[in-house]
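Work through these exercises with the model open beside you. Try each task before you read its solution.

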Amino acid sequence: MLLRPALCCFVLALASAVPTRADTTLPGFALTSATNPAPSSVSCSLSDGDFVTFDGLLVQRWNGDGSLDTTLASFQTFVFPSFIRVTPAADAVVIGDSGTFSPTPGGDLRIVWLDGSGSGLIAPLAYNFDGKFFPNGELLVSAAPAGFGVGTDLFRVNITTGALHLLGHLDGPSGPVAVGRNGDVFYGTQQDYSLPSAPQSVLRWSGALVAAGTPLSAANAVTYAAGLAGSTALEFEPGRERLLISENSYSTGSYRIVRVRPGGGTTQPLLVAQNWISTLRFERLGDGTFDAYQPGDGLRIAYTTTDFFSTDDLVRFAPARPQLALSGPGLVGAGAVVLSLSGGVPNGSALLTYCPQTAMLPQETSYLLPYFLLRTSFTLPSTVRMPFLVPTDINGAATVTLWNPGGLAGQYGWQFLVGRPNGTFIGASDVEQF
């Protein structure tokens, strides 16, 4: 089993972290950072925007802004937290711990009820590392119950009865798991201390193979993604078969979040972090997708990053919607009106659109277009597109200057579509009126 470094350094709970943000993303995304309210914890998201953490002593529910809501459970003796997952019924969380790492292997799976009514033991499972739910409500868990140096076992756990069923065995330290919508099982291999620079992979077993009871091993797995420096978390984007991986490697100094294309194979780096990425989870705020140039209040990632000494930050990684700003004397009378776009596609293109204010909706509506989700207050039949594209510069900025002869004020709303150089649109700015 691979010991989570962030959990080993639980003394961070005594440190005051000062948020710093040297992490970088692809264009079309943005980062916000705050001190992690529960240092060295594992976490999961709730549907109402709250999140729950487990730091080895306390299971706590937090509001979306990071303020404490309630303590759901507490333990007298510290244990190393492995993972925390919301149950399919969303009425409880399952927590995994890896014990205290005494000479005798230890660790348990427990359930903690979100209504504050308490907690209970599901089953003892020494040195468990990660867990994800199957579509039928059972829990997939990776663990090393026989101790270090003897490989990793994959278990299916009934969280009601505590029954454990061995699914298979793999060599090497324990790694993260994921479950596809069709029951496929995914596993991230880990760096062996004897071969710290060896490339790692994400393995996949079909749901049919798992259901058939065939023992899972590296021999009957398909390589879903290769050439990784070691993964600590696997998370599927909600509603889409796109797997995200937090990649961490001390030997290479690589700390990244990468996305695997549907069907496997090619990986796309989305974020490069300065320090170790210790957790990874999605937060659903609205109807947006986790794509560049989308509104940031739809779907975003929360992760924690630490240097194991002075900082333990909670970072939100979200799409960044391009912004439209209006200026010039023509806003209040005759004269020029400058429409300035920022945050568009670098060296891409933009298309200016407008709509009569009398045909605009009081609130924005989302429309699923071929390459992005358009959010606008324009009614589509009344929307007019300019017959030309405007090039964006290296920073994704562009300007269009109009002349107001004196009667445009209060007439129209304006919005840019942003896209690639060939005019394939992949996002849209906010809407402005004058």
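**Exercise 1. A pair of strands**

Find the residue in β18 that stands opposite Arg204.

Solution.
- Step 1. Go to Arg204, and look across to β18: the residue opposite is Val222. Keep in mind that this is a predicted model.
- Step 2. Name the strands. Strand β17 covers residues 200–205 and pairs with β18 in the antiparallel sense.
- Step 3. Count the links. Four bridges hold the pairing of β17 and β18.

**Exercise 2. The sheet around that pair**

Give the order of the four strands in the open sheet, and say which strands are at its edges.

Solution.
- Step 1. Read across the sheet. The order is β15-β16-β17-β18, with antiparallel pairing.
- Step 2. Look for strands that pair on one side only. These are β15 and β18 (222–228), the edge strands.
- Step 3. Add the twist. From one strand to the next it averages 15°.

**Exercise 3. A three-stranded sheet**

Explain why β26 and β33 each have one side without a neighbour in the sheet.

Solution.
- Step 1. Set out the order. Three strands, β26-β27-β33, make an open sheet with antiparallel pairing.
- Step 2. Check the partners. β26 (323–327) and β33 (398–404) stand at the edges with a single partner strand each, so one side of each has no neighbour in the sheet.
- Step 3. Note the twist, which averages 20° from one strand to the next.
- Step 4. Zoom in on one pairing. β26 and strand β27 (residues 335–342) run antiparallel and are joined by five bridges. Leu324 has Leu341 in β27 as its bridge partner.

**Exercise 4. The largest pocket**

Describe the largest pocket by its volume, its lining and the classes of its residues.

Solution.
- Step 1. Start with the volume, which is about 1000 Å³.
- Step 2. Find the centre. The lining has 35 residues, and the closest to the centre are Ser45, Val86, Glu235, Phe236 and Pro238.
- Step 3. Trace the elements that give two or more residues to this lining: β3 (42–45), β7 (81–86), β11 (128–133), β15 (177–179), β19 (231–236) and β23 (276–284). The largest share comes from β23, with four residues.
- Step 4. Sort by class. The lining holds 17 nonpolar, six polar and twelve charged residues.

**Exercise 5. One strand of that lining**

Is β19 mostly covered or mostly exposed, and which strand do five bridges join to it?

Solution.
- Step 1. Check burial. β19 is mostly covered, with six of its six residues buried.
- Step 2. Find the partner. Five bridges link β19 to strand β20 (residues 243–249), and the two run antiparallel.
- Step 3. Pick out one bridge. Leu234 has Ile245 in β20 as its partner.
- Step 4. Look at the hairpin of β19 and β20. Six residues lie between the strands, and Gly239 takes a positive phi near 85°.

**Exercise 6. The second largest pocket**

Which residues are closest to the centre of the second largest pocket?

Solution.
- Step 1. Give the volume: about 550 Å³ for the second largest pocket.
- Step 2. Search its lining of 20 residues. Closest to the centre are Arg259, Asp291, Ala292, Arg420 and Ile426.
- Step 3. Divide the lining by class. There are 13 nonpolar, two polar and five charged residues.

**Exercise 7. Aromatic rings**

Explain why the pair Phe282 and Phe290 is edge-to-face.

Solution.
- Step 1. Recall what to look at. A pair of aromatic rings is described by the distance of the centres and the angle of the planes.
- Step 2. Apply this to Phe282 and Phe290. Their ring centres are 5.8 Å apart and their planes stand at 90°, so the pair is edge-to-face.
- Step 3. Check burial. The cut-off is under 20% relative accessible area. Phe282 is buried at 10%, and Phe290 is buried at 0%.
- Step 4. Widen the view. Phe29, Phe282, Phe290 and Phe317 form one aromatic cluster.

**Exercise 8. A contact in space**

How far apart are Thr70 and Gln60 in sequence and in space?

Solution.
- Step 1. Locate Thr70 in strand β6 (residues 68–74).
- Step 2. Compare the two separations. Thr70 and Gln60 are ten residues apart in sequence, and 5.9 Å apart in space from C-alpha to C-alpha.
- Step 3. Check exposure. Thr70 has a relative accessible area of 29%, so this residue is partly exposed.

Key
Residues numbered from 1 in each chain as written. Predicted model: local features only at pLDDT ≥ 70, side-chain atom pairs only at ≥ 80, totals over all residues. Heavy atoms only, no water. 1 Å grid on protein atoms, 1.4 Å probe; cavity = no way out; pocket = protein on both sides within 12 Å on 5 of 7 lines; lining within 4 Å. Points joined across faces, edges and corners; volume = space filled by probe spheres on them. Nonpolar A, V, L, I, M, F, W, Y, C, P; charged D, E, K, R; others polar. Buried < 20%, exposed > 50% of the residue type's maximum accessible area, 1.4 Å probe, protein only. Pairing = 2+ DSSP bridges. Axes fitted to C-alpha atoms, helices over the stretch in contact; angles between N-to-C directions. Phe/Tyr/Trp six-rings, centres within 6.5 Å; stacked < 30°, edge-to-face > 60°.
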